[in-house]
Amino acid sequence: MKSVAILGHGTVGSGVYEIIEQNNKYMLKTYDEFINVSHILVRNPENHKDIKSSLLTTDFDAILSSDCDIVIEAMGGIHPAYDYIRRSLEHRKHVITANKDLIAEHGSELLEIAYNYNVTLNYEAAVGGGIPVIKTIRESLSAHRLNSITGILNGTTNYILSKMHEENISYDEALKGAQEAGFAEMDPSADVLGFDAARKLSILTQLSTGKQLKVKDVLIEGITNLDDKDISTARKLGYKIKLISKLIRYEHCLHAFVKPAYVRSTSQLGLINNEYNTVVLDLGQIGQMTFSGKGAGKFPTGSAIYGDILDILLNDKHQTKKPLVPTKICHYAQGYNDWLVRLYSLNHPIDLEKVFKFFNQGNVQIEDFTDPHDLAFTIQGMSETNLIDSIKKLQNLNIISVSKYFMILE
Ligand code: HSE
């Protein structure tokens with residue numbers, strides 16, 4: 001039997017509590033084991049009348065001095081979560097957290113503390129909700145060299161983009177739906193500006209490469225600048241826009257971004273909709289491996305935490321110490337890619353002939369020029385640096401005023 005204390009009783013905390021309660025009979029029957037919830041830390045016990053009052057506490061120190069074995073941090077945010085996790089580990093309690101902000105920022109340091117105190121810090125729920133990708137990378141795939149990660153790592157933005165694409169509803173309406181379903185962060189700007197996905201990409205990268213990739217090393221662009229024409233151009237071309245997280249491991253550097261990109265509607269990435277996430281790992285020797293599932297919500301996240309409890313309960317296995325290696329970051333994709341480019345001219349109609357003089361390195365196709373001030377075209381086989389260079393020249397010559405571009409992935 002192991003006793004667990006749950007810090008927080010919001011979407012995640014209540015999900016894991018329910019899953020523990022539902023599964024105890026099965027645990028006894030199957031493993032002759034039992035998970036006892038000893039404490040639930042909340043701010044206002046009177047807001048949680050559905051929980052036995054003897055379980056509720058507002059005092060973290062009471063948990064620290066109790067004989068509970070595992071502390072589950074389901075509060076989110078850096079403070080006081082960091083302090084609670086650190087102190088729990090130093091009191092030789094195993095810790096499980098769903099906190100991607102904290103693991104991306106302080107994971108390496110906290111894992112070292114866990115190692116030094118011979119306890120486990122598990123964080124399966126921090127990436128991909130219910131998809132068991134952390135344990136799989138850490139254990140089953142650890143022998144293989146990672147070449148790239150391609151992911152849809154944020155349920156809220158994927159839900160918003162899916163609803164805008166399929167149901168033609170507005171961004172605001174779709175965001176409200178994601179918030180009501182419990183997918184969005186307390187401050188949804190972390191979702192829609194791309195930071196949540198960047199934190200998850202940083203965690204996956206550091207785990208799979210052993211190299212340091214800070215969130216500030218990831219080029220981040222959220223979904224707030226997308227307009228109706230971006231969505232309708234995608235629809236017309238048989239594409240969807242997805243918020244893609246990508247890590248490419250080049251020989252001498254890492255390149256990482258979170259950006260909206262065009263993917264074919266029927267491709268593997270195009271078929272991941274609503275709150276579903278996906279992680280595609282390219283693992284050299286063994287090729288590509290794809291994991292998909294619900295990336296947000298009470299039960300997917302609760303299920304990942306429950307898996308982390310079983311990991312400790314059944315194996316009681318401790319951390320390995322693996323310090324991260326500093327590495328070089330490159331800011332642009334290397335090699336040649338396909339792009340969807342939007343060019344705008346605020347003052348005069350766009351002169352197509354002048355524009356395409358600067359794009360003669362690639363194979364250009366006009367996709368939408370119904371408005372002479374707003375051109376959408378695709379270009380195949382151009383490097384990102386050449387693309388940026390051409391756009392800058394057009395801006396300097398006042399041929400266009402504003403631009404944006406998306407990578408076409410598959
Ligand atoms: N806000 C996050 C998302 C929750 O939408 O993916 C799961 O990490």
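Visitor: In this predicted model, how far is an oxygen atom of the ligand from an N or O atom in the side chain of Asn154?
Guide: The model is predicted, not experimental in origin. Asn154 belongs to the residues that surround the ligand. Between an N or O atom of the Asn154 side chain and a ligand oxygen atom, the distance is 3.5 Å.

Visitor: Which residue has an N or O atom in its side chain 2.8 Å from an oxygen atom of the ligand?
Guide: Gly155 also has a polar atom beside a ligand oxygen, at 2.7 Å, but that atom is in the backbone. The side-chain atom at 2.8 Å belongs to Lys200.

Visitor: How much of the area that the ligand exposes when taken alone does the protein bury?
Guide: Taken alone, the ligand exposes 250 Å². Its surroundings include Lys100, Phe183, Asp191 and Gly295. Of the exposed area, the protein buries 92%.

Visitor: How many charged residues does the shell around the ligand have?
Guide: Helix 6 (155-166) and helix 9 (195-209) each supply at least two residues of this shell. By class, three of the shell residues are nonpolar and four are polar. The charged residues number five.

Visitor: Which strands stand at the edges of the sheet?
Guide: The open sheet has six strands with parallel pairing, in the order 3-2-1-4-5-6. An edge strand has a single partner, so one side of it is left without a neighbour in the sheet. The strands in this position are strand 3 (56-57) and strand 6 (121-122).

Visitor: Which residue of strand 5 stands opposite Ile72?
Guide: Strand 4 (residues 70-73) and strand 5 (residues 94-97) run parallel and are joined by four bridges. Opposite Ile72 in strand 5 stands Ile96.

Visitor: What angle does the direction of helix 1 make with that of strand 2?
Guide: Helix 1 (residues 11-31) packs on the sheet. There, helix 1 touches strand 1 (2-7), strand 2 (35-41) and strand 4. With the direction of strand 2, that of helix 1 makes an angle of about 155°.

Visitor: Which residues does a cis peptide bond join?
Guide: Most peptide bonds are trans. The cis bond has an omega of about 5°, and its proline is placed in the loop between strand 4 and helix 3 (81-90). The residues joined are His79 and Pro80.

Notes: Residues are numbered from 1 along each chain as its sequence is written. This is a predicted model: local features need pLDDT of at least 70, side-chain atom pairs count only at pLDDT 80 or more; totals for chains, interfaces and linings use all residues. Side-chain values use heavy atoms; hydrogens and water are left out. A residue is near a molecule or strand if one of its heavy atoms lies within 4 Å of it. A polar contact is a pair of N or O atoms within 3.5 Å; within protein, one must be able to donate a hydrogen and the other to accept it, and residues adjacent in sequence count only if both atoms are side-chain atoms. Accessible areas come from the Shrake-Rupley method with a 1.4 Å probe; for residues, only the protein chains shown count as cover. Ala, Val, Leu, Ile, Met, Phe, Trp, Tyr, Cys and Pro count as nonpolar, Asp, Glu, Lys and Arg as charged, and the others, Gly among them, as polar. Two strands pair if DSSP finds at least two bridges between them. Contact means heavy atoms within 4.5 Å. Axes are lines fitted to C-alpha atoms, for helices over the stretch in contact, and angles run from 0 to 180 degrees between N-to-C directions.
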